[in-house]
Amino acid sequence: MKKLLMILGLVMGLILSGCAGGTSKTAAETKDQSETVSETEEQTPLRAVYLKNDQGFLFVSIDQETPFTGTLPEDITDESGNAIAPEDLNSGDVFDIYGNGIMTMSYPGQYPGMTKLIRVEEKNQDYVDKYQELLDQFLTAPDMSEPPELSLSYSQSNASVAAMCDRFGYTWEYTDENGETQAVAVDSVHVLQSESLVEHTLEGDTVMTIESSVTPESITVICWEASQRENSMNEIPDGTDVEVTSDSNGLSFTARPGYIYSIDARWPQGEATYGFEAVEK
């Protein structure tokens, strides 16, 4: 009887061991499947048509028919996998767009997190005709009687941001409706002396890209510690030059919380100063 009990105990132990092993394997398989699904979801592209005119470019998602712009990635290929330069894109080209999926709530939306574009169709004129009104609506010729507005696009952990800068003094020349050249000079307080300077909330050092209806030929960026504002009413302290880089995405620089920034932008018509304060989130 004692021997029989020992045998039964051994059999039950093997059964339980087998069940436990089966449960562990199922969990592992479930984990692998979950990771596979997650990876697939992250790689799901957004299909959109590309449109352009002299003022810039616009995407329109084919499923939702919503317009958006963004920062073109370096990885752009045609149907055969050959690289395409941004300047060689055509209105009506249809792309599968890969990226982080984060788009701003503005209208049109901003999608700065694109990582790859794959063209799936070239020069679809039906789309060009269908969305021409959207292109004309959002990419109209700018009013060049004064310097254009300037904004900054950048990414944070939970959002992509496109935020305006304050404009200060400028010098500007333009041709009026009679064909005569007009020269304008506008004075203002220094960026450090502004009592209501726009604030950009940052999580840390952040790369910012200049956005404007007319891209500046060049920019110069200077910063001061926010604490230097107190004594700026008597004398403007020397600032620190900030490095500006230029690539296919445009002109960019790195901003740091706790500093005030002055941006001098130059166009053929003249130059203007813009500013903002970077604050810690």
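**Why do we call it that?**

Trainee: Why does E65 count as partly exposed?

Mentor: E65 has a relative accessibility of 37%. Buried calls for under 20% and exposed for over 50%, so the 37% of E65 falls in between and the label is partly exposed. Keep in mind that this is a predicted model.

Trainee: Where is E65 found, and what is unusual about its phi?

Mentor: Look in the loop between strand 2 and strand 3. E65 has a positive phi of about 60 degrees, although E65 is not a glycine.

Trainee: K123 has a positive phi too, near 50 degrees, and is not a glycine. What makes K123 buried or exposed?

Mentor: Its relative accessibility is 51%. The cut-off for exposed is over 50%, so K123 counts as exposed. You'll find K123 in the loop between strand 7 (114-121) and helix 2 (125-138).

Trainee: And E74, why is that one called exposed?

Mentor: Do the check again: exposed asks for over 50%, and E74 has 74%, so E74 counts as exposed. E74 sits in the loop between strand 3 and strand 4 (76-77). In sequence, E74 and M114 are 40 residues apart, yet their C-alpha atoms are 9.5 Å apart in space.

Trainee: What makes the peptide bond from Y107 to P108 cis?

Mentor: Its omega, which is near 0 degrees. P108 belongs to the loop between strand 5 (94-99) and strand 6.

Trainee: Let's zoom out. How many helices and strands does the protein have, and what share of its residues count as buried?

Mentor: There are 2 helices and 19 strands. Of the 281 residues, 34% count as buried, and that label needs under 20% relative accessible area.

Trainee: What makes a set of residues a nonpolar core?

Mentor: The residues must be buried, be of nonpolar kinds such as Leu, Ile, Phe or Tyr, and be joined through side-chain atoms within 4.5 Å. The largest such core here has 25 residues, and those with the most contacts inside it are L152, F253, Y261, I263 and F276. Strand 8, strand 10 (166-175), strand 13, strand 14 (218-225), strand 17, strand 18 (259-267) and strand 19 (270-280) each give two or more residues to this core. Another core lies apart from it, with 13 residues, among them F59, F68, I76 and I84. In soluble globular proteins, nonpolar side chains tend to be buried together.

Trainee: Which residues does I263 touch?

Mentor: Leaving out residues up to four places away in sequence, the list includes L150, L152, I210, F253 and F276. A contact is counted when heavy atoms are within 4.5 Å.

Trainee: What makes the largest pocket a pocket and not a cavity?

Mentor: A pocket is an open set of grid points, while in a cavity the probe cannot get out. The largest pocket holds about 1300 Å³ of space. Among the 43 residues lining this pocket, Q55, T69, E211, S212 and S213 are the closest to its centre.

Trainee: Which strand gives the most to that lining, and how do its residues divide?

Mentor: Strand 9 gives the most, with 4 residues. The lining as a whole divides into 22 nonpolar, 17 polar and 4 charged residues. Gly is counted among the polar ones, and Asp, Glu, Lys and Arg are the charged ones.

Key: Residues numbered from 1 in each chain as written. Predicted model: local features only at pLDDT ≥ 70, side-chain atom pairs only at ≥ 80, totals over all residues. Heavy atoms only, no water. Buried < 20%, exposed > 50% of the residue type's maximum accessible area, 1.4 Å probe, protein only. 1 Å grid on protein atoms, 1.4 Å probe; cavity = no way out; pocket = protein on both sides within 12 Å on 5 of 7 lines; lining within 4 Å. Points joined across faces, edges and corners; volume = space filled by probe spheres on them.
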